[in-house]
Amino acid sequence: KILDNKVALVTGAGSGIGLAIAKLYAKEGAKVIVSDINEEHGKSAVEEIKSAGGEATFVKADTSNPEQVEALVKATVETYGKLDIACNNAGIGGETNPTGDYSLDGWKKVIDINLDGVFYGCKYELTQMEKNGGGVIVNIASIHGTVAAPLSSAYTSTKHAVVGLTKNIGAEYGQKNIRCNAVGPGYIDTPLLNQLDDEHRKALIAKHPMGRLGKSEEVAELVLFLSSDKSSFITGGYYLVDGGYTAV
Ligand code: NAD
């Protein structure tokens with residue numbers, strides 16, 4: 001298995017894309033820290049992984065809180081002895097409004113989770129990985145790390161910023177045996193899209209040349225590749241898994 005003897009941490013692993021990543025990491029032999037703000041979903045993810053023969057532990061953390069993220073990395077090392085792989089996945093869509101009408105609180109909430117949360121993750125993960133002598137980080141951005149999401153300017157701003165943060169880490173840690181890449185999924189059929197009505201959902205599907213939404217498992221395969229030694233010369237990059245969305 002390609003992640004045998006590895007210890008991996010996934011935030012927002014109780015649902016959707018994060019859940020698929022945690023399950024695939026475990027299937028490939030990693031010991032996985034499943035983290036989420038939602039305890040019930042996080043614990044059921046651990047049950048699912050264990051009943052499939054994998055190893056996982058739930059640690060509750062709100063990624064927008066730096067103390068909780070620092071404690072999460074500490075708990076990872078206390079539980080499994082090190083940190084090899086971290087996937088900063090937790091994120092929200094947030095308020096939808098034209099930029100001029102976007103509320104200050106709504107803006108701040110998206111920045112707190114989607115940008116500050118990823119920075120806190122990277123900060124404490126990098127410190128630990130330096131102690132380990134290496135590691136790999138994958139940040140979950142979005143196609144909206146490169147193209148607009150009308151009515152979601154906070155989301156677009158944070159996802160562009162995550163791509164920038166990822167490039168910086170790639171540049172800074174290249175000689176420290178730490179790689180960092182970002183992934184840009186198109187629209188993926190997860191609970192995040194539950195708020196969409198039928199018409200909006202159809203309009204989104206039409207924007208993907210493949211004529212469908214993506215699956216969480218399809219994102220997880222790219223994340224697995226970027227997390228494994230198979231991508232040993234890849235860092236500071238941004239990779240799309242978008243059914244062609246950004247090609248047209
Ligand atoms: P989801 O809502 O299914 O899952 C997100 C998980 O993150 C939930 O379990 C939630 O409890 C958790 N979470 C939310 N806020 C948190 C916080 N502050 N601290 C810890 N955990 C928190 O969403 P998803 O579709 O799986 O999205 C996962 C990531 O993928 C997000 O960063 C999202 O922006 C990104 N993404 C999603 C899509 C899509 O179409 N679904 C497309 C591109 C990128």
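**Entry 1: Asp-197**

I began with Asp-197, which sits in the loop between S6 and helix H6 (198-206). The model is a predicted one, and I keep that in mind throughout. Is Asp-197 buried or exposed? I find 8 C-beta neighbours inside 10 Å, so Asp-197 counts as exposed. I then looked up its separation from Trp-107: the two are 90 residues apart in sequence, and their C-alpha atoms are 23 Å apart in space.

**Entry 2: the sheet**

I next traced the strand order. The sheet is open, has seven strands in the order S3-S2-S1-S4-S5-S6-S7, and is paired in parallel. Strand S3 (55-60) and strand S7 (238-241) are the edges, each pairing on one side only. I noted an average turn of 20° between neighbouring strands, direction ignored.

I looked at two pairings in detail. Strand S1 (residues 7-11) and strand S2 (residues 31-36) run parallel and are joined by five bridges. Within this pairing I see Val-10 opposite Val-34 of S2. S6 and S7 also run parallel, with four bridges between them. There, Val-183 has Tyr-239 of S7 as its bridge partner.

Which residues of S7 lie on its covered face, and which on its uncovered one? I assign Tyr-238 and Leu-240 to the covered face, and Tyr-239 and Val-241 to the uncovered one. The bridge partner of Val-183 therefore belongs to the uncovered face, given that the partner is Tyr-239 and that I placed Tyr-239 there.

**Entry 3: helices across the sheet**

I checked two helices against the strands. Helix H2 (residues 39-51) lies across S2 and S3, and I record an angle of about 175° to S3. Helix H7 (residues 216-227) lies across strand S4 (85-88), strand S5 (135-140), strand S6 (178-185) and S7, running at about 165° to S6.

**Entry 4: nonpolar cores**

I then turned to the interior. The largest nonpolar core holds 61 residues, and those with the most contacts inside it are Val-10, Ile-21, Ala-22, Tyr-25, Val-32 and Val-34. H1 supplies the largest share of this core, eight residues. A second, separate core has five residues, among them Ala-90, Ile-113, Ala-154 and Tyr-155.

What does Ile-21 touch beyond its neighbours within four places in sequence? I list Val-10, Cys-87, Asn-89, Ala-220 and Val-223 as its contacts. As background, I note that nonpolar side chains tend to be buried together in soluble globular proteins.

**Entry 5: the ligand shell**

I looked up the residues around the ligand. There are 29, of which Gly-12, Gly-16, Gly-91, Thr-190 and Leu-192 come nearest. Helix H1 (16-27) and helix H4 (104-132) are the elements that give two or more residues to this shell. H1 gives the most, with three residues. By class, I record 12 nonpolar, 15 polar and two charged residues in the shell.

**Entry 6: positive phi**

Finally, I examined two backbone angles, bearing in mind that most residues other than glycine have a negative phi. Asn-5 has a positive phi, near 70°. I place Asn-5 in the segment before S1, where Asn-5 is exposed because 10 other C-beta atoms lie within 10 Å. Leu-151 also has a positive phi, near 80°. I find Leu-151 in the loop between S5 and helix H5 (153-173). Leu-151 has 14 other C-beta atoms within 10 Å, so I class Leu-151 as partly exposed.

Note on methods
Residues numbered from 1 in each chain as written. Near = placed C-beta within 6 Å. Nonpolar A, V, L, I, M, F, W, Y, C, P; charged D, E, K, R; others polar. Core = buried A, V, L, I, M, F, W, Y, C linked by C-beta atoms within 7 Å. Buried ≥ 20, exposed ≤ 12 C-beta atoms within 10 Å, placed from the backbone. Contact = placed C-beta atoms within 7 Å. Pairing = 2+ DSSP bridges. Axes fitted to C-alpha atoms, helices over the stretch in contact; angles between N-to-C directions.
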